[in-house]
Amino acid sequence: MSAEKCSRQTKQKALLLEYMKNHRDIHLKAEDILAGLKQQQEAVSKATVYRFLKVLEEEGQIRRYTLSDKVPACYQYVGDHPECKKHYHLMCSQCGTIIHVDSPALRAFMAEIMEKEGFAIDESRTVFYGLCRKCRK
């Protein structure tokens with residue numbers, strides 16, 4: 001790999017990581033990231049975004065959420081904050097908004113299921129469907 005190509009990939013990875021850090025409180029689809037980078041006048045291809053999302057996920061910098069076959073995967077910056085790596089999801093069936101929730105009551109329920117049934121629930125894939133506050137109005 002040429003030094004120029006390596007430098008460009010490093011810059012693009014840093015741009016993507018910085019974008020994710022700046023939007024750490026929301027789940028982003030790859031298309032959202034592409035649009036955001038384009039709005040910032042940053043030229044990054046779709047293939048590059050997907051490639052670096054995978055790399056950042058493998059490094060533990062971001063987390064990938066696949067909520068259903070009908071909705072594209074979402075990503076969220078978690079950095080070195082372990083408390084962000086386990087939470088539950090609320091998904092609006094109408095607008096597709098995703099809200100993450102950390103609930104002691106749900107954690108207790110999951111522990112009870114594990115104790116009684118020996119069944120370990122994958123918290124990263126736990127989704128509760130309904131209508132968000134905006135769509136309920």
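In this predicted model, Met-20 touches Leu-28, Ile-33, Ile-62, Tyr-75, Gln-76 and Tyr-77, leaving aside residues up to four places away in sequence. Met-20 also belongs to the largest nonpolar core, which has 18 residues. Within that core, Met-20 is one of the residues that touch the most other members. The others in this group are Leu-16, Ile-33, Leu-37, Val-49, Leu-53 and Ile-62. Two or more core residues come from each of H1, helix H2 (30–39), H3 and strand S3 (74–77). Apart from this core lies another, of six residues. Val-71, Cys-74, Ile-98 and Val-127 are among them. In soluble globular proteins, nonpolar side chains tend to be buried together.

The sheet is open and has three strands. Their order is S1-S3-S2, and the pairing is antiparallel. Strand S1 (28–29) and strand S2 (62–65) stand at the edges. Each has a single partner strand, so one side of each is left without a neighbour in the sheet. S1 pairs with S3 over two bridges, in the antiparallel sense. Lys-29 stands opposite Cys-74 of S3. Cys-74 is also a member of the six-residue core. Strands of a sheet pair through backbone hydrogen bonds, either parallel or antiparallel.

Four salt bridges are present in the structure. One of them joins Glu-59 and Lys-13, with the closest N and O atoms 2.6 Å apart. Glu-59 lies in helix H3 (residues 46–59) and Lys-13 in helix H1 (residues 3–22), so the pair ties together parts that are 46 residues apart in sequence. Both helices also give two or more residues to the largest nonpolar core. Glu-59 is partly exposed, at 45% relative accessibility. Lys-13 is partly exposed as well, at 22%. Because the buried class ends at 20% relative accessible area, Lys-13 at 22% falls outside it.

A further salt bridge links the side chains of Glu-112 and Lys-116, at 3.0 Å from N to O. These residues are four apart in helix H4 (residues 104–117), a separation of about one helical turn. Glu-112 is partly exposed, with 39% relative accessibility. Lys-116 is exposed, with 59%. Asp-102 and Arg-107 also meet through their side chains in a salt bridge, at 3.0 Å from N to O. Arg-107 has a relative accessible area of 27% and is partly exposed.

Methods. Residues numbered from 1 in each chain as written. Predicted model: local features only at pLDDT ≥ 70, side-chain atom pairs only at ≥ 80, totals over all residues. Heavy atoms only, no water. Buried < 20%, exposed > 50% of the residue type's maximum accessible area, 1.4 Å probe, protein only. Core = buried A, V, L, I, M, F, W, Y, C linked by side-chain atoms within 4.5 Å. Contact = heavy atoms within 4.5 Å. Pairing = 2+ DSSP bridges.
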